[in-house]
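Visitor: Please pick one part of this structure and look at it closely. Then show me how its surroundings are arranged.

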Amino acid sequence: MPRTATITRVTGETDVRVTLTLDGTGTVAVDTGVGFFDHMLHLLGKHAMVDLDVKATGDLHVDAHHTVEDVGLSLGKALAQALGDKSGIRRYGQCRLPMDEALADVAIDLSGRAAFAGDLKLSANDRVGDFDLELVAEFFKSLAAEAKLALHIDVIRGSNLHHIAEACFKGVGRALREAVELDPRMDGVPSTKGTLVD
């Protein structure tokens, strides 16, 4: 069965549509109206080797918060749906990713339990262009919540804020690629409980 999902989320703040194919080639099309965020999502999809199509409109006259959060929720839900019962997956993925002077450590567990932790070294006052870098953590929290995965991101070092954010998104993409990959030696769900879903 193809591991794919399409999620549509419409609220009074945003209108989001996400299509995700796990066994893809890294083909990505993103249009959220937030240029820096589009760039980061493109990096995530490319390094995860998934096919990803994201279209979002939101209340950008307020700020980008609702758009970024709702794209994270929608992508997380698409990931959970595309994974199904998670039979045959590797489940865990990790990546230590350098981006010039920045270095991010990422670990993922497709556990069926939502958790986000780490230190991204990005604060409320940090911006790239008009993008509030505090939203990077909001995106990953939302992704983890709806995908029901444990996501740890620690930035080991870095001085360029663009590079730090890029290391995080690329690292998550690489770790996700490993976690969702089908393991030919795995028969059934990789858990002694026998399930990784609610």
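Guide: What follows is a walk through one helix-helix contact and the elements around it.

This is a predicted model. The part to look at is the packing of helix α1 against helix α4. Helix α1 covers residues 35-48, and helix α4 covers residues 161-180. Two packed helices are described by the angle between their axes and the distance between those axes. Here the angle is about 30°, and the axes lie 7 Å apart. The crossing of α1 over α4 is right-handed.

Now the residues. On the α1 side, the contact is made by Phe36, His39, Met40, Leu41, Leu43, Leu44, His47 and Ala48. On the α4 side, the partners include His162, Ala165, Glu166, Phe169 and Lys170. Further along α4, Val172, Gly173, Arg174, Leu176 and Arg177 also take part. By class, the contact has 10 nonpolar, four polar and four charged residues.

Two of these names come up again elsewhere. Leu44 of α1 and Leu176 of α4 belong to the helix contact, and Leu44 and Leu176 also line the largest cavity. That cavity has a volume of about 60 Å³. The structure holds one cavity of 30 Å³ or more. Its lining is completed by Leu20, Val50, Leu52, Leu75, Leu79 and Leu143. The class count for this lining is eight nonpolar residues, with no polar and no charged ones. Several of its residues can be placed on named elements. Leu20 falls within β2 (14-21). Leu52 falls within β4 (51-58). Leu143 falls within helix α3 (134-147).

Next, what α1 lies on. It rests across β3 and β4, and runs at about 160° to β3. These strands belong to an open sheet of four, in the order β1-β2-β4-β3, with mixed pairing. At the edges stand β1 (4-10) and β3 (28-31), each pairing on one side only. The twist from one strand to the next averages 5°. A hairpin of three residues links β1 to β2. Those two strands are antiparallel, with seven bridges. In that pairing, Thr8 has Arg17 as its bridge partner, and Arg9 has Val16. β2 also pairs with β4, again antiparallel, over eight bridges. There, Asp15 stands opposite Thr57 of β4.

Now the α4 side. Helix α4 lies across β5, β6 and β10, running at about 150° to β5. These strands are part of another open sheet of four strands, ordered β5-β6-β10-β7, with mixed pairing. β5 (92-99) and β7 (115-119) are the edge strands; each has a single partner, so one side of each lacks a neighbour in the sheet. Neighbouring strands are turned by 10° against each other on average, with direction ignored. β6 (102-109) and β10 (150-157) are antiparallel, joined by seven bridges. One of the pairs is Asp109 with Ala150 in β10. Helix α3 lies across β7 and β10, at about 155° to β7.

So much for the two sheets. Helix α1 has one more role to note, at the largest pocket. The volume of this pocket is about 220 Å³. Thirteen residues line the pocket, and those closest to its centre are Val34, Asp63, Ala64, Asp130 and Phe131. α1 and β9 (131-132) each supply at least two residues of the lining. Phe131 falls within β9. By class, this lining has six nonpolar, three polar and four charged residues. The cavity lining, by contrast, has no polar and no charged residues.

To sum up, α1 packs on α4 at about 30°. α1 lies across β3 and β4, while α4 lies across β5, β6 and β10. Leu44 and Leu176 line the largest cavity, and α1 adds at least two residues to the lining of the largest pocket.

How values were computed. Residues numbered from 1 in each chain as written. Predicted model: local features only at pLDDT ≥ 70, side-chain atom pairs only at ≥ 80, totals over all residues. Heavy atoms only, no water. 1 Å grid on protein atoms, 1.4 Å probe; cavity = no way out; pocket = protein on both sides within 12 Å on 5 of 7 lines; lining within 4 Å. Points joined across faces, edges and corners; volume = space filled by probe spheres on them. Nonpolar A, V, L, I, M, F, W, Y, C, P; charged D, E, K, R; others polar. Pairing = 2+ DSSP bridges. Axes fitted to C-alpha atoms, helices over the stretch in contact; angles between N-to-C directions. Contact = heavy atoms within 4.5 Å. Left-handed = near helix turned anticlockwise from the far one by under 90°.
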